[in-house]
Amino acid sequence: GCMEPDPPIHRAAVVPGWGGDHSLCPGAAGGGFRSRIDLLLEDPARPPCYVEVKNVTAAVEGGEGFFPDAVTARGAKHLREMMEEVARGHRAVMFFCVQRGDVARVRPADHIDPEYGRTLRRVLGLGVEVLAYGAELSPQGMRLVRRLEVRV
């Protein structure tokens with residue numbers, strides 16, 4: 001039994017390629033994942049999919065949003081744990097949510113936290129997936145309105 005995320009993720013926010021049969025389990029701690037993860041997508045026909053959601057809020061230059069906006073040892077640790085889930089045969093997705101209309105691309109903020117950028121590039125090469133979507137908030141919840149480019 002999974003509770004709905006808060007704010008609720010609108011049906012239209014289902015990400016292409018994730019299928020409609022997954023249950024969304026916000027805050028599930030599953031598998032070998034030691035930290036609290038944001039979402040666990042479960043489908044009997046597929047391996048579990050661990051999703052870490054990060055909000056991109058940092059200042060924007062030339063349509064690029066940066067993550068993180070401060071040094072985050074915890075963020076790099078989460079990436080390493082996601083890499084371990086992929087090694088176990090699971091899926092792991094780093095999901096950047098951008099609630100700013102002036103962002104067309106997301107990239108690691110190497111000028112703020114070079115270790116996070118290095119770790120992100122390493123886990124990408126080992127099978128962790130990275131997605132970025134622009135989102136709009138309304139009283140009905142959050143809608144993902146456009147896929148954004150991730151530049152690493």
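1. Strand 3, which spans residues 49-56, is mostly covered, since 6 of its 8 residues are buried. This description, like everything that follows, refers to a predicted model, and the strand is a convenient place to begin reading the fold.

2. On one side of the pairing pattern, strand 3 is joined to strand 2 (residues 39-42) by 3 bridges, and these two strands run antiparallel. They form a hairpin with 6 residues between them, and within this pairing Leu41 has Cys49 of strand 3 as its bridge partner. Strand 3 also pairs with strand 6, here in the parallel sense and over 8 bridges. Cys49 appears again in this second pairing, where it stands opposite Arg91 in strand 6.

3. How buried is Cys49? Its relative accessible area is 1%, which places Cys49 among the buried residues. Cys97 is likewise buried, with a relative accessible area of 2%. A student who sees two buried cysteines may wish to look for a disulfide, but a search of the whole structure finds 0 disulfides.

4. Turning to the whole protein, there are 2 helices and 9 strands, and from the N terminus on the elements follow the order β-β-β-β-β-α-β-β-α-β-β. Of the 152 residues, 45% count as buried, while the accessible surface comes to about 7,800 Å², with 52% of that surface belonging to carbon and sulfur atoms. Among contacts between residues at least 6 apart in sequence, 64% join residues at least 24 apart.

5. Other strands deserve the same careful reading. Strand 5 (residues 64-67) and strand 7 (residues 105-108) pair in the parallel sense over 4 bridges, and the bridge partner of Gly65 in strand 7 is Val106. Strand 7 is in turn joined by 2 bridges to strand 9 (residues 141-150), and this pair also runs parallel; here Arg105 stands opposite Glu149 in strand 9.

6. Which residues touch the most other members of the largest nonpolar core? In this core of 19 residues, they are Leu79, Met94, Phe96, Val106 and Tyr116. Helix 1, strand 6, helix 2 (114-125) and strand 8 (129-138) each supply at least two residues of this core. A second, separate core has 12 residues, and Cys49, Cys97, Met142 and Leu144 are included in it.

7. Tyr116 is worth following by eye from the larger of these groups, the largest nonpolar core. If residues up to four places away in sequence are not counted, Tyr116 touches Phe67, Pro68, Thr72, Gly75, Ala76, Leu79, Met94 and Phe96. Val106, another of the residues named for that core, is the one already met as the bridge partner of Gly65.

8. Where does His90 lie? Its place is in the loop between helix 1 (73-87) and strand 6 (91-98). Leaving aside neighbours within four places in sequence, His90 is in contact with Pro47, Pro48, Tyr50 and Glu85, and a polar contact of 2.7 Å joins the side chains of His90 and Glu85. His90 and Arg46 are 44 residues apart in sequence, yet their C-alpha atoms are 8.8 Å apart in space.

Definitions and conventions:
Residues numbered from 1 in each chain as written. Predicted model: local features only at pLDDT ≥ 70, side-chain atom pairs only at ≥ 80, totals over all residues. Heavy atoms only, no water. Pairing = 2+ DSSP bridges. Disulfide = S-S within 2.5 Å. Buried < 20%, exposed > 50% of the residue type's maximum accessible area, 1.4 Å probe, protein only. Contact = heavy atoms within 4.5 Å. Areas by Shrake-Rupley, 256 points an atom, 1.4 Å probe, with all protein chains shown as cover. Polar contact = N/O pair within 3.5 Å; in protein donor to acceptor, adjacent residues only side chain to side chain. Core = buried A, V, L, I, M, F, W, Y, C linked by side-chain atoms within 4.5 Å.
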